[in-house]
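User: I am new to this structure and would like to understand the reasoning behind the terms used for it. Could you take me through it step by step?

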Amino acid sequence: MDETEFWELVDATREAAEGDPEEQADLLVERLLALDPDMVLDFARHFEARFNRAYTWDLWGAAWILLDGASDDAFDFFRCWLIGQGREVYEGAVHDPDSLADLLADFDEEIDGDGEELGYAADEAYEQLTGTVAPDLGIPPAASEPIGAPIDLESDRVLAERYPKLWERFRG
């Protein structure tokens, strides 16, 4: 599975789920079950690499604004959700987290921002296909700390200055 096929699966399931991350995860498992186990592992590698790449202080600050605070776990689930939004939103957010103010048409705090189940979709599909736990993916592990300069997430002033568009749209 190449990167284009990865994003096509993500987009197709998001559209079919009408943006509901839990429904998207269920649909993703269904689609992955139609593939062979090696393709499922390829999907998992693409997902995990993007999950690790999004482990940045800049994105954590954006998540903090969107979610009105974000613990370690909440930021993990946010990164899964961000991948589930598709290539354009993901890449835009990684390059400029404040651009999420423009990239997100809607943001419903009840369902958006938490894609925990998306993070388990490939593992679930692999286990159903093979009856075994997925092996190590063979990709570099995530950094122990977020990439970039730390941000004082508790400071409204810092967040408003660093993310002016997000702050205005979601907290202003």
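Analyst: Let us begin with one residue in this predicted model: Gly131, which comes just after helix H8, takes a positive phi of about 75°.

User: What makes Ala121, Ala122, Ala125 and Tyr126 of H8 buried residues?

Analyst: The word buried is used for a relative accessible area under 20%, and in helix H8, which covers residues 121-130, Ala121, Ala122, Ala125 and Tyr126 are buried. These four cover an arc of only 125° around the axis, and therefore they lie on the same side of H8. As for their partners, the buried residues of H8 pack against helix H2 (21-33) and helix H3 (37-53).

User: Why is Glu18 called exposed?

Analyst: The cut-off for exposed is over 50% relative accessible area, and Glu18 has a relative accessibility of 73%, so Glu18 counts as exposed. Glu18 is found in the loop between helix H1 (3-16) and H2. Its phi is near 55°, which is a positive value in a residue other than glycine.

User: Why is a positive phi worth pointing out in a residue other than glycine?

Analyst: It is worth pointing out because most residues other than glycine have a negative phi. Asp68 also has a positive phi, of about 55°, although it is not a glycine.

User: Where is Asp68, and is Asp68 buried or exposed?

Analyst: Asp68 sits in the loop between helix H4 (57-67) and helix H5 (72-84). With a relative accessible area of 56%, set against the cut-off of over 50%, Asp68 is therefore exposed.

User: How do you know that the radius of gyration of the chain agrees with that of a compact globule?

Analyst: For 172 residues, a compact globule would have a radius of gyration near 16 Å, and the chain has 16 Å, so the two agree. The C-alpha trace spans about 50 × 35 × 25 Å along its principal axes. Of the contacts in the chain with a separation of 6 or more, 73% are accounted for by residues 24 or more positions apart, and buried residues make up 45% of the 172 residues.

User: Which elements does the chain contain, and how many positive and negative charges does it have?

Analyst: The chain has 10 helices and zero strands. There are 12 positive and 44 negative charges, and the mean positions of these two groups are 7 Å apart. The accessible surface of the chain comes to about 8700 Å², with 45% of it belonging to carbon and sulfur atoms.

How values were computed: Residues numbered from 1 in each chain as written. Predicted model: local features only at pLDDT ≥ 70, side-chain atom pairs only at ≥ 80, totals over all residues. Heavy atoms only, no water. Helix = DSSP H or I, 4+ residues; strand = E, 2+ residues; numbered from the N terminus. Rg over C-alpha atoms; globule rule 2.2 N^0.38 Å. Buried < 20%, exposed > 50% of the residue type's maximum accessible area, 1.4 Å probe, protein only. Contact = heavy atoms within 4.5 Å. Areas by Shrake-Rupley, 256 points an atom, 1.4 Å probe, with all protein chains shown as cover. Lys, Arg positive; Asp, Glu negative; His and termini not counted. Charge placed at Lys NZ, Arg CZ, Asp CG, Glu CD. Arc of directions from axis to C-beta.
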